[in-house]
Structures are given as C-alpha cells and as structure tokens.
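Work through the exercises below with the sequence and the model side by side. Try each task before reading its solution.

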Amino acid sequence: MPTLTKLYTMQEASQHNTKDDCWIVIDGKVYDVTSYLDEHPGGDDVVLESTGKDATDDFEDAGHSKSAKELLESFCIGELDTSSPIIPELEISSKKEAVKYSEKLMDLTKQYWTIPVAIVGISVLVGFLYLHKK
C-alpha cells in the first residue's frame, strides 16, 4: 500500500530559506533541515545556498556518506509536487533581468562615451605628431 505524503510545490519550499526556517529539495523530496543547520559539518551557509532550488546536484557533488543520506531521510516532510511549474517567478524575473541588463548597458554607454572618443583623439594626435617629425 503506497504511503501518503504531503506534496509541496517548489514555490512553497523556496519560501523557507532562512536559518530559522530552512527547507531543501533533494531527489524530489522536501526536507526541513532547520534543526540540523548548526550541526552541519560544512556550515549552515552551504545548506542555505541550496534553498529555493533542486539541491540534488549540490548534495551529490559534496560526496555525502551513506550515514549522511540516512540522516537526511529523518528530516523528510514530504515530496515535491511535479505537476505544478517549478518556479514561475524564475521565468518572469529572467525576462525582467534581460531588460535590466540592456538598460544598464545603455546607461553605461551614455555615461562612458568619452573614453573611446578620448582614445581615438589621442591616437590621431600621436599620428599627426609622428608624421610631422618625419
């Protein structure tokens, strides 16, 4: 008989991203690791960086032992709901960021246009001085 577990969306899990309330998602399961943050051998910063996303690769890349994987299971509070979009805000923010980057580039171009003009001007001046010496 299948076990009934609570389903969480990635959006729900990503809201728990502080030292006082920390959830991570690994292999489709949601873990509340708040009580373990102070005991984590790599420090709480490593775990906090993995909130709000699928931390499976981060967890596997760290080379956790079998006992660490067994310990992780004790913090499982549910499973990831894969039927909903992962994080809809990511698509929206990525579009906004693209606009922001182009705006920043335009601002920088307007602000620092004198640098390339000065380089060209100095090059022309040096060229004239070189030709007059010949």
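**Exercise 1. Cysteines**

Task: Decide whether Cys22 is buried or exposed, and find the accessibility class of Cys76. Then count the disulfides.

Solution. Start with Cys22. Its relative accessibility is 0%, so Cys22 is buried (buried means under 20% relative accessible area, exposed over 50%, partly exposed in between, with a 1.4 Å probe and protein chains only). Next, Cys76. At 30% relative accessibility, Cys76 is partly exposed. Now apply the disulfide rule: a pair of cysteine sulfur atoms within 2.5 Å. The count is zero.

Two notes on the source apply throughout. The model is predicted: local features need pLDDT of at least 70, side-chain atom pairs count only at pLDDT 80 or more, and totals for chains, interfaces and linings use all residues. Residues are numbered from 1 along each chain as its sequence is written, and side-chain values use heavy atoms, with hydrogens and water left out.

**Exercise 2. Fold outline**

Task: List the secondary structure elements in chain order.

Solution. Count first: the protein chain has six helices and five strands (DSSP runs numbered from the N terminus; helices are H or I with at least four residues, strands are E with at least two). Then read from the N terminus: β-α-β-β-β-α-α-α-β-α-α. Finish with two totals. Of the 134 residues, 22% are buried. Among contacts with a separation of 6 or more, 68% join residues 24 or more positions apart (contact means heavy atoms within 4.5 Å).

**Exercise 3. The sheet**

Task: Derive the strand order, the edges and the partners of E5.

Solution.
1. The sheet is open, with five strands in the order E1-E5-E4-E3-E2 and mixed pairing (two strands pair if DSSP finds at least two bridges between them).
2. E1 (7-8) and E2 (17-18) are the edge strands; each has a single partner strand, so one side of each lacks a neighbour in the sheet.
3. E5 (residues 76-80) runs antiparallel to E4 (residues 29-32), over three bridges. Across this pair, Lys29 faces Glu79, and Tyr31 has Cys76 as its bridge partner.
4. Helix H4 (residues 66-73) packs on the sheet and touches E3, E4 and E5, at about 85° to the direction of E4 (axes are lines fitted to C-alpha atoms, for helices over the stretch in contact; angles run from 0 to 180 degrees between N-to-C directions).
5. E1 and E5 are parallel, over two bridges. Here Tyr8 is bridged to Leu80.

**Exercise 4. Cores**

Task: Find the largest nonpolar core and the strand that gives the most to it.

Solution. A nonpolar core is a set of buried Ala, Val, Leu, Ile, Met, Phe, Trp, Tyr and Cys residues joined through side-chain atoms within 4.5 Å. The largest has 12 residues, including Cys22, Ile24, Ile26, Tyr31, Val47, Phe59 and Leu72. Strand E3 (residues 21-26) gives the most, three residues. A second, separate core has seven residues, among them Ala13, Trp23, Val30 and Leu80. Now take Ile24. Beyond four places in sequence, its contacts include Tyr31, Val33, Val47 and Leu72.

**Exercise 5. His16**

Task: Place His16 and list its contacts.

Solution. His16 sits in the loop between helix H1 (10-14) and E2. At 18% relative accessibility, His16 is buried. Leaving aside neighbours within four places in sequence, His16 contacts Asp21, Cys22, Trp23 and Thr51.
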